[in-house]
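Biologist: I would like a close look at the salt bridges in this model. Please take a few pairs one by one and say where their side chains sit.

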Amino acid sequence: MSDDSGRLRAAIDSLQACIYTKDADGRYTYANDLACALLNLRRDEVIGRCDHDLFPAELADAARANDLRVIESGEPIVAEEYFPFGDPADVRCCLTIKQPLFAADGRADGVAGITIDIDARKRREQQVVSLKNELATLIHALPDPVFELDLEGRCLSYHARSEDLLAASPAAFLGKTVREVLEREEAESVLQALHEAHETGRSMGRQFKAESRQGTQWFEISVAPKSTGGDDMPSFIVLSRKITPRKQAEQTLRERESLLRAVVDNIPAEFWARDLQGRCIMENAATVAHWGSLLGSRVEDAEASPEELADWLASNRRAYAGETVRKEVACDIDGERRVFQCVVAPIRVGGETVGICGFNQDITERKRHEEQIHQLAFFDPLTRLPNRRLMLDRLEHALIGSARRHQEGALLLIDLDHFKDLNDTHGHEAGDELLMKVAARLRLCIRQGDTAARLGGDEFVVILEDIDGVVEGLVQANAIAGKIRDELNRPFHLMRRAEGEAITYHCSASIGITLFGTQDISASELLRRADTAMYQAKAAGRNTLCFFDPAMQAAATERAALHADLHRALRDRQFELHYQVQVDEKRRPIGAEALLRWRHPARGLICPSSFIGLAEETGLIVPIGIWVLRTACIQLAAWAARPEAAHLRLAVNVSARQFRQAGFTDQLRELLAATGAPADRLKLELTESTLIEDAEAVVERMEELRALGIRFSLDDFGTGYSSLAYLKRLPLSQLKIDQSFVRDVMSDANDAAIVETILGLGGSLGLSVIAEGVESEDQFAFLTARGCREHQGYLFGRPMALRDFEALLAVLHD
């Protein structure tokens, strides 16, 4: 090898490209250093071997096929071939240039090749192709046309899935500027978008319109600069979306909003709407006129009282929850009380609440008219009392309510005596004034819940509801009717309008009364009965009361007489105390119970059961009770001065009404001090009914009295409904077994068990137990055997006057 050949071989060996030669059979006859290095083989390991010895079969086949093409054609080729270099897994793309080698006879007998690693470039090319494909797919997928414009607005190119999306055929705009295609104002809008994108990198939301065969079409464009190299004229990608349907919808919405605003502003009501945060988002002119503008404000921002604010917030919460709230609200406007019909309702979109709205309609005049209509329909225009129609309706309700509640009621029919004479003498104006003043006095005489009405002319009706029991109801009805009669008997001061003359008029009334309750009776029949009773009152001489039922009339008369007699009895000292002895288990007297008696001058001795109820109702029980306590204390003081009687205790019954009197403790303290009676010998007997109402106050009162030394016995124990939880708190010293249990203790197992239970309870609570109504030796033996230590009853002595009682004491002591 010449020096030149050596230098050439050295240069080829050092080239940074794989250079090699192969013979006609594909065996390597030469490989430069880089080729060997990439194969990680020595040159002598490469020379003489073929591609199938060095590479995987698939890659070797491709390389051999290219070799044969060169040898057979005698022409060079350029091809891409894949070879693993070093790592079999690292297959690289290479650019191969293969040149035929010729023998002396001109026949191709080998190839010379240069292989360059282009794997990295190939990958970049594939990425570019993939990106172009993705971009093309994206552009084809766009529903809107895409244009390329230069800075002057010239259309350089376009893409559209369909030319129907274009405002005109491509020939009308391709290569032309927007000024040539669009109206001046629309073209300027597009150019402004291009310049904005050029300066800021983006422009969105610009709109323009173009005329087409289909009419005016609206488009919205988004613009972005297109990347260019060097000093190329800037161009822009413009995405154009047809928004004609949206613009039409917006126009329709504006028209509807204008219509809604016209309607809302002209309805005779206030209107407002609020969003989910409570801010006002809409209001009409009526709302602004009343409240001032509320836009943007919340209910909490309004100048309102805490009560009004709480009411509005509560209504709004209900509306936000999906409820439509309807209510009437009264408020002061410019010093005048106005009434509004208010509606608060949810605003729903797609079934979801997005806000609330409200209407406030001024219904003050309507309410006034309704009230006037109601007054005309149901109230007497002169006296303002319920008229006959409303009275009959209320009477029907009273009948139903009385039957349901098992309560008595009463109907009073009141007729003014000689009313016609007043009209004839002084004129109808004087008569009308009297009727109005009679109505006013009737209102003062009845209780809340009762009804006074005018039937017509000079007839009035009073309906009394929930009066207790037949007998008690009779008393109450009689008392109220008497109060009405007495009130109407007071002089009326009337004025004769024409003459200006004052008239003092003495009025009287005849009153018919009938009771109602559980009996089945109609309102009209009840009214007829009251009318009958009223005429009986007129027949009896006028200015009087009369019951429909003669028996009731007699009872009312008797009760009225008894009431008057009770007053006289107190005044004339007709009351006296009788005493019934109380003994221990050895029949020794330990005390007595003081029992009230009334020695009537005409009827003789009257037991308390005949008059105590009336005394309770009329309040006379309080002065009567004081007299009893004073007399009892005087007697205790007298016994205390006598050794043989000093140990005696005296039990006195105290009514619930008397016990609850505010000054009861002070009264007793003064009585004890004035009489010198030993307080520890005074025993007050209370019934369970006394304890039912206001038990805390009862306990407090008992503690005050016990501090004075007074003792307490619970009378008629077992017949009431007091709680045992209160019983253990009461400062009692004794339980009294009711005579109803003692009476049948020998024949009724239940009564015997009750007596034993009371005795056991008394022992558990540390209380003594006294049995009343002991009338036989068997009863006495039964009680004594079961631990009862104190007794009272006919077996030992009846109630008797003081002289007889003290004589009995002498016998029992002997």
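Modeller: What follows goes through three pairs and one network. The model is a predicted one. In total, the structure holds 56 salt bridges. As general background, side chains of opposite charge can pair when their charged atoms come close.

Take Lys22 and Asp51 to begin with. Their side chains meet in a salt bridge, with 2.5 Å from N to O. This pair links distant parts of the chain, since Lys22 lies in strand E1 (residues 18–23) and Asp51 in helix H4 (residues 51–54), 29 residues apart. Both Lys22 and Asp51 are buried.

The next pair is Arg154 and Asp150. Here the closest N and O atoms are 3.8 Å apart, and the cut-off for a salt bridge is 4 Å, so the pair counts as one. Asp150 has a relative accessible area of 9%, so it is buried. Arg154 has a relative accessible area of 28% and is therefore partly exposed.

The last pair is Arg529 and Glu525, a salt bridge whose closest N and O atoms are 3.3 Å apart. Both residues belong to helix H17 (residues 523–539); because they are four residues apart there, about one helical turn separates Arg529 from Glu525. Arg529 is partly exposed, at a relative accessible area of 24%. Glu525 is partly exposed too, with a relative accessible area of 24%.

A network also involves the pair described at the start: Lys22, Asp51, Asp67, Glu81 and Lys98 are joined into one network by salt bridges that share partners.

How values were computed
Residues are numbered from 1 along each chain as its sequence is written. This is a predicted model: local features need pLDDT of at least 70, side-chain atom pairs count only at pLDDT 80 or more; totals for chains, interfaces and linings use all residues. Side-chain values use heavy atoms; hydrogens and water are left out. Helices (H or I, at least four residues) and strands (E, at least two) are DSSP runs, numbered from the N terminus. Buried means under 20% relative accessible area, exposed over 50%, partly exposed in between (1.4 Å probe, protein chains only).
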